[in-house]
Amino acid sequence: MLKTTRNLMILLQALFLFSAPITAGGWLAGTARTNITPEDPVWMAGYASRTEPARGTLQEIHARALALQDQDNQKFVLVSVDVLGFPGYFGKAVAGRIGRALDIPREAVMLTASHTHEGPVVGDNLSVAYRMEEEHLEAVRKYTTILADKLVATAVRAFDDMQPCRLSFGRTEAFFAVNRRVIKEDGIANGANRRGPVDHRVPFMTVDNENGVLQAIVFSYACHNTTGRGQYYYNGDYAGFAEMALEKEFPGITAMFMSGTAGDVNPYPRGTHALAERHGNELSDAIKKAITGPLEAVEPDLEAGFQELTLQLQEPPSAEEFKKKLEDENEFVRRHARLMLDRIEADGKLSRDFPYPVQAWRFGKDLLLFAMGGEVLLDYTFLLEEAYPDSRVWVVGYSNDISAYIPSKRILEEGGYEGGGAMLYYGWPSPFEPSVEEMIMEGIGAIVPGGE
C-alpha cells in the first residue's frame with residue numbers, strides 16, 4: 001500500500017502544492033551506487049575476537065553517492081559507505097581525488113561510514129585489535145586500494161546523473177537504540193543502560209525529481225551498527241537491511257545511511273542477523289510512513305566548511321613503562337606496547353597531537369549538517385543543538401576519518417572504554433586532554449557557514 005501511495009501523493013504535491021516548475025535556479029541532484037563487497041576473503045572489522053577472514057556474504061555492501069548543485073551552481077557530493085570506517089590518510093586521499101576529478105573544494109566532499117561491524121577492514125584502522133598474518137594484511141591492502149578507486153568513481157558517476165530535483169527534510173523515530181554505558185562501583189560496563197542518554201530520532205532527507213518521483217533518501221540514526229556481534233559474513237547490519245528495504249520498496253531509488261553520534265549507544269536486542277533485519281525494518285518502516293506526510297522544503301542554497309583540528313592527548317607513559325607491558329598477560333596490551341616502542345624508536349618520542357576533521361554544511365538558512373570524525377559520543381548532538389538553537393541540527397559521526405572514540409568532557413571524566421580504554425585498540429598512547437570537548441566545539445564554531 002505504501003509503495004503505491006507514495007508516488008501518488010508526491011505527484012499530487014507536485015501538481016497542486018508545488019505547481020511552479022523546477023528551473024535551473026533550484027537544486028540539481030544525481031545518485032550512484034557501487035557494490036563494494038570483497039571478491040576475496042578479507043578480515044572483517046570491528047571485533048578483536050575474530051580469528052579468520054570472512055567466510056562469505058549474507059548481504060552485499062555498497063558505496064552510494066549523492067551529487068548536489070545549488071542555485072548558485074556550487075557542487076557538492078556526499079558519499080556513504082557500508083564499512084566500519086576508514087583511517088584519516090585514506091579519507092584525505094579519496095576526498096582529494098574526488099575534488100580534483102570534479103573541480104570542487106575539500107569542504108564540498110563529505111565521506112561517511114555506516115560503521116557496520118560486518119564489513120571488511122580498511123587500511124590500518126584498529127590494527128592492534130586484529131590477529132592478522134601477512135597474507136591477511138596483504139588482502140586488506142589490496143581491498144583498500146580497490147575501495148578507494150570505487151569511491152572516486154561512484155562520486156563522479158553521481159554527477160553524470162544530475163537532474164532538476166526538490167529536497168525535503170523530516171524526522172521520525174525508531175526505538176531499538178539503548179545507551180550501553182552501565183555505571184558500576186568498580187567502573188563502566190558495556191550493557192544496557194535504559195536510563196542513560198539516547199536519541200531515538202531519525203533525521204532524513206528526500207530527493208524528488210521534477211515530476212515528484214522519489215530519487216533518494218539520506219537518513220541516519222544514533223546507534224552502533226553492531227547487531228550481528230562478530231559473525232563472519234559480510235552485511236551492512238541493521239543499516240544495510242534498512243537501505244535494502246527502502247530500495248526494494250521504492251525501486252530505482254538510492255537509500256543512503258549515515259551513522260549518527262552512536263559512540264555510546266547499542267542496538268537491543270542483539271546477537272543475530274535476524275535481529276539486524278528486524279531493526280533495519282523498524283527503521284525503514286518509520287521512514288516509509290514519515291515520507292508520506294508533510295516535510296520541510298530545503299532551500300536550494302548550500303554552504304560548506306571544513307577544518308582538521310589538532311586535539312591534544314594526555315602525557316603518555318614512558319618507554320620504560322611500555323617495556324614492562326611487553327610482559328602483560330593481555331595480548332592486546334603487549335601488541336600496543338610494541339607499537340608504541342616502535343614509534344619511539346622511529347621518532348624519538350610519542351606525539352600528543354591528534355588530527356581531527358570536522359565539517360559543516362548549511363542548507364538554506366536553518367538546516368545544519370555536521371560531519372565529525374571518529375566514534376562520536378551522543379553528547380555532541382545535544383551540545384550542538386544547544387549551540388545552534390535557531391537551526392535544525394543534524395549530526396553524524398564516522399565521517400572522513402575513524403581514528404578513536406571522541407568523548408565529551410563528561411565521558412572523559414567517567415572513563416571506561418569510550419572515555420579512554422579504546423585508545424589502546426586504536427593505537428594511541430594515551431587518552432584525550434580534558435580540553436577535548438572545548439576544542440572541538442570551538443573548532444566547529446569556526447567553520448559553520450554564516451556563523452560567528
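Here is a chat about the pockets, the cavities and one helix of a predicted model.

Colleague: I'm new to this one, so what kind of model is it?
Modeller: Residues are numbered from 1 along each chain as its sequence is written, and side-chain values use heavy atoms, with hydrogens and water left out. Local features need pLDDT of at least 70 and side-chain atom pairs count only at pLDDT 80 or more, while totals for chains, interfaces and linings use all residues, as this is a predicted model.

Colleague: How much space lies in the largest pocket?
Modeller: On a 1 Å grid over the protein atoms alone, a pocket is an open set of points with protein on both sides within 12 Å along at least five of seven lines, whereas a cavity is a set where a 1.4 Å probe fits but cannot get out. Grid points are joined across faces, edges and corners, and a volume is the space filled by probe spheres set on the points. For the largest pocket that comes to about 650 Å³.

Colleague: Which element gives the most to the lining of the largest pocket?
Modeller: Lining residues have an atom within 4 Å of a point, and here there are 29 of them, with Y89, D124, R343, S403 and W428 closest to the centre. Helices (H or I, at least four residues) and strands (E, at least two) are DSSP runs, numbered from the N terminus. Two or more lining residues come from each of α2 (88-102), β15 (302-312), α7 (331-347) and β16 (353-363). The most, four residues, come from α2.

Colleague: Where do the buried residues of α2 sit around its axis?
Modeller: Buried means under 20% relative accessible area (1.4 Å probe, protein chains only), and in α2 that covers G88, F90, G91, V94, A95, I98, G99 and L102. Taking directions from the helix axis to the C-beta atoms, they cover an arc of only 155°, which puts them on the same side of α2.

Colleague: What do those buried residues of α2 pack against?
Modeller: Contact here means heavy atoms within 4.5 Å. By that test, the buried residues of α2 pack against β4 (75-81), β5 (109-113) and α3 (134-160).

Colleague: Which element gives the most to the lining of the second largest pocket?
Modeller: That pocket holds about 510 Å³ and is lined by 27 residues, with G46, Y47, R180, N190 and Y417 nearest its centre. Two or more lining residues come from each of β7 (177-184), β8 (187-193), α10 (416-421) and α11 (423-426). The most, four residues, come from β8.

Colleague: What about closed spaces: which element supplies the largest share of the lining of the largest cavity?
Modeller: The whole structure has three cavities of 30 Å³ or more, and the largest has a volume of about 140 Å³. Its lining has 14 residues, with D199, P203, T381, W394 and V395 nearest the centre. The largest share, three residues, comes from β19.

Colleague: How many nonpolar residues are in the lining of the second largest cavity?
Modeller: About 50 Å³ of space lies in there, lined by L66, L68, L78, M205, V218, W361, F363, L369 and W394. Ala, Val, Leu, Ile, Met, Phe, Trp, Tyr, Cys and Pro count as nonpolar, Asp, Glu, Lys and Arg as charged, and the others, Gly among them, as polar. The lining has no polar and no charged residues, and its nonpolar count is nine.

Note on methods:
Buried means under 20% relative accessible area, exposed over 50%, partly exposed in between (1.4 Å probe, protein chains only).
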